[in-house]
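This report walks through the fold, a helix, a pocket and a few loop residues of the structure shown below. Please keep the sequence and the model at hand while reading.

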Amino acid sequence: MTELKLSKFDQIGIIVKDIEKAAEFYTSLLDFKGGINIVQQTSTVNYRGNEVEFKMKKIMQNFGGKQFEIIELLESTGDHLYSEFLKEGNFGLHHLGVYTNDAEPIIIHFKNTYNIDVIQSGKVGRVKFYYLDTKEVFGYYLELIKI
């Protein structure tokens, strides 16, 4: 078996209760280049084999060479990683994202080496994403973002 080492992460995913307050806080703390846009987005994902749709408010902002993804969940048709995280009483760091051209070898490596599966997947435009069930090991999820 070949060794797999991720050389970097590209995205920091943060779940918040109030995105407007979070935007205020982060813009007072961090020197973002350019203004912050809060957008509303609907997403359909496959979570533990079930298709779920949810609405969220979201900020995608670059800082220090990383992409901040700040999310406030609005509503959903069922459970998914964000709703489960909030039900557990959590907020804050949810996932680290890694951009990749080919997610499949990484998914196979995590399954074969660590017995870690994809827990949630979906697509936004042409970008596919896969969340690996790493929360028990890392304390957060690892998201593979296929660009």
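## An exposed loop residue

In this predicted model, N37 touches K58 and I59, leaving aside residues up to four places away in sequence. The position of N37 is in the loop between α1 and β2, and its relative accessibility of 58% makes it count as exposed, because the cut-off for that class is over 50%.

N37 can also be set against a residue earlier in the chain, K8: the two are 29 residues apart in sequence, and their C-alpha atoms are 26 Å apart in space.

## The barrel

The strands form a closed barrel of eight, in the order β1-β4-β3-β2-β6-β7-β8-β5, and the pairing is mixed. Ignoring direction, neighbouring strands of this sheet are turned by 30° against each other on average. Helix α1, residues 19-29, packs on the sheet, where it touches β1 (11-15), β3 (50-63) and β4 (66-76), and the direction of α1 makes about 165° with that of β4.

Strands of a sheet pair through backbone hydrogen bonds, in either a parallel or an antiparallel sense. Both senses can be followed around this barrel, beginning with β2 (residues 39-47), which runs antiparallel to β6 and is joined to it by three bridges; within β6, the residue opposite N46 is S121.

## Strand β1 and its two partners

How many residues of β1 are buried? Five of the five are, so the strand is largely enclosed by the rest of the structure. From β1, Q11, G13 and I15 point one way while I12 and I14 point the other way, and all of these residues are buried.

On one side of the pairing, β1 and β4 run parallel and are joined by five bridges, with I12 standing opposite F68 in β4. The pairing of β1 with β5 is antiparallel and also extends over five bridges; here G13 has H95 as its bridge partner, and I15 stands opposite G92.

## Strand β5 and the link to β8

Strand β5 is mostly covered, since seven of its nine residues are buried. Besides its antiparallel pairing with β1, β5 pairs with β8 in the parallel sense, over six bridges. H95, the residue of β5 that is bridged to G13, stands opposite Y141 in β8.

## Helix α3 and what covers it

Which residues of helix α3 are buried? In this helix, which spans residues 104-114, they are I106, I107, H109 and F110. Seen down the axis of α3, these buried residues fall within an arc of 160°, so they line one face of the helix. An α-helix has 3.6 residues a turn, so residues three or four places apart point the same way.

The cover over the buried residues of α3 includes four strands, β5 (92-100), β6 (118-124), β7 (127-132) and β8 (141-146). Strand β5 therefore appears in two settings, as one of the elements that cover these residues and as a partner of β1 in the barrel.

## Two residues with positive phi

Directly after α3 comes N115, whose phi is positive, near 55°, a value found here in a residue other than glycine. N115 is placed in the loop between α3 and β6, and at 56% relative accessibility it counts as exposed.

R48 is another residue other than glycine with a positive phi, in this case near 50°. Its place is in the loop between β2 and β3, and with a relative accessible area of 56% R48 is exposed.

## The largest pocket

The largest pocket has a volume of about 270 Å³. Its lining is made up of 19 residues, and those that lie nearest the centre are K58, E69, V124, F129 and E143. The elements that give two or more residues to this lining are β2, β3, β4, β6, β7 and β8.

Which element gives the most to the lining of the largest pocket? That element is β3, with four residues. K58 links this part of the report to its beginning, being among the residues nearest the centre of the pocket and also one of the residues that N37 touches.

How values were computed. Residues numbered from 1 in each chain as written. Predicted model: local features only at pLDDT ≥ 70, side-chain atom pairs only at ≥ 80, totals over all residues. Heavy atoms only, no water. Buried < 20%, exposed > 50% of the residue type's maximum accessible area, 1.4 Å probe, protein only. Arc of directions from axis to C-beta. Contact = heavy atoms within 4.5 Å. Pairing = 2+ DSSP bridges. Axes fitted to C-alpha atoms, helices over the stretch in contact; angles between N-to-C directions. 1 Å grid on protein atoms, 1.4 Å probe; cavity = no way out; pocket = protein on both sides within 12 Å on 5 of 7 lines; lining within 4 Å. Points joined across faces, edges and corners; volume = space filled by probe spheres on them.
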